[in-house]
Amino acid sequence: MPSASPASAAPSPSGKPRSQAAAPSIASGGSASGTSPDTDERVATPRLIAIATPETDNDIPRFALYAARDIEQLGLQFPAQTANASPDSEVVVTMRLRDSATTRMRDFSRQHLNEPMTLIVDGVEMLTATIRSELGGKFQLQLPKEKARLLFQRVLAKAGPAT
């Protein structure tokens with residue numbers, strides 16, 4: 001089940017990266033509008049959390065992305081470890097899509113709201129999750145580290161030579 005999570009690694013107004021451990025600032029009544037310049041940093045990013053794929057998954061809608069054409073940016077976040085969590089469990093990948101893929105994802109998620117979907121990147125199934133809100137050009141995937149490694153390898157393989 002996806003849950004909302006705030007975006008956390010955006011640069012501060014000074015241009016320096018923010019510490020991910022710092023809590024986002026809350027707009028106070030001190031400004032005339034009641035908002036701060038970095039209000040958009042606190043907008044919740046939809047998260048897809050992997051679910052067990054049913055044995056008969058032929059009826060689950062699939063959404064295909066192609067790394068070189070559709071993915072603009074990937075980010076990686078390691079969740080805080082709890083006492084009973086395995087250090088090799090899951091990570092959160094933030095994905096930003098190019099405009100044409102954003103439109104396709106938005107339309108797809110509206111059509112399949114509250115249904116499971118399988119996300120495929122370059123022909124490889126990355127995760128099956130239930131769509132709980134409209135997805136657009138930026139969303140998060142909570143998936144096993146091995147799947148995240150595979151995703152990054154596929155995207156890097158499609159990227160051009162380093163400059």
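This note goes through a predicted model point by point, from the overall fold to the salt bridges.

1. **Overall make-up.** The chain of this predicted model contains three helices and nine strands, and when the elements are read along the sequence they follow the pattern β-β-β-β-α-β-β-α-β-β-β-α. Of its 163 residues, 34% count as buried, while the accessible surface of the chain comes to about 9800 Å², with 55% of that surface belonging to carbon and sulfur atoms.

2. **Contacts across the sequence.** If we take the contacts in the chain that have a separation of 6 or more, 71% of them are between residues 24 or more positions apart. The sheet and the core described below can be read with that figure in mind.

3. **The four-strand sheet.** One open sheet is built from four strands in the order β3-β9-β6-β5, and its pairing is mixed. The strands β3 (47-49) and β5 stand at the edges, where each has a single partner strand, so one side of each is left without a neighbour in the sheet. From one strand to the next, the twist averages 25°. For readers new to sheets, it helps to recall that strands pair through backbone hydrogen bonds and may do so either parallel or antiparallel; here, β6 and β9 run antiparallel and are joined by seven bridges.

4. **A helix on the sheet.** Within the pairing of β6 and β9, M95 stands opposite F139 in β9. Helix α3 packs on this sheet and touches β5, β6 and β9, with its direction making about 125° with that of β9.

5. **The nonpolar core.** In soluble globular proteins, nonpolar side chains tend to be buried together. The largest nonpolar core in this model has 27 residues, and those with the most contacts inside it are M95, L141 and L151. Several elements each supply at least two residues of this core, including β4 (62-65), β5 (71-77), α2, β7 (116-121), β8 (124-130) and α3. The largest share, four residues, comes from β6.

6. **The surroundings of M95.** Leaving aside residues up to four places away in sequence, M95 touches L65, I71, Q73, L74, G137, K138, F139, L141 and L151. Two of these, L141 and L151, are named together with M95 as the residues with the most contacts inside the core.

7. **Salt bridges around D70.** The count of salt bridges comes to six, and two of them involve D70: its side chain meets that of R69 at 2.9 Å, N to O, and that of R104 at 3.3 Å, N to O. The pair of D70 and R104 links distant parts of the chain, since D70 lies in helix α1 (residues 67-70) and R104 in helix α2 (residues 99-111), 34 residues apart. Which of these side chains are buried and which are partly exposed? D70 is buried, because its relative accessible area is 0%, whereas R69 is partly exposed at 47% and R104 is also partly exposed at 30%.

8. **A salt bridge within α3.** The side chains of E146 and R149 meet in a salt bridge at 2.1 Å, N to O. These two residues are three apart in helix α3 (residues 145-158), so about one helical turn separates them. Both ends count as partly exposed, E146 with a relative accessibility of 48% and R149 with 39%. Elsewhere in the chain, salt bridges that share partners join R69, D70 and R104 into one network.

Terms used:
Residues numbered from 1 in each chain as written. Predicted model: local features only at pLDDT ≥ 70, side-chain atom pairs only at ≥ 80, totals over all residues. Heavy atoms only, no water. Salt bridge = Lys/Arg side-chain N within 4 Å of Asp/Glu carboxyl O. Buried < 20%, exposed > 50% of the residue type's maximum accessible area, 1.4 Å probe, protein only. Contact = heavy atoms within 4.5 Å. Areas by Shrake-Rupley, 256 points an atom, 1.4 Å probe, with all protein chains shown as cover. Core = buried A, V, L, I, M, F, W, Y, C linked by side-chain atoms within 4.5 Å. Pairing = 2+ DSSP bridges. Axes fitted to C-alpha atoms, helices over the stretch in contact; angles between N-to-C directions.
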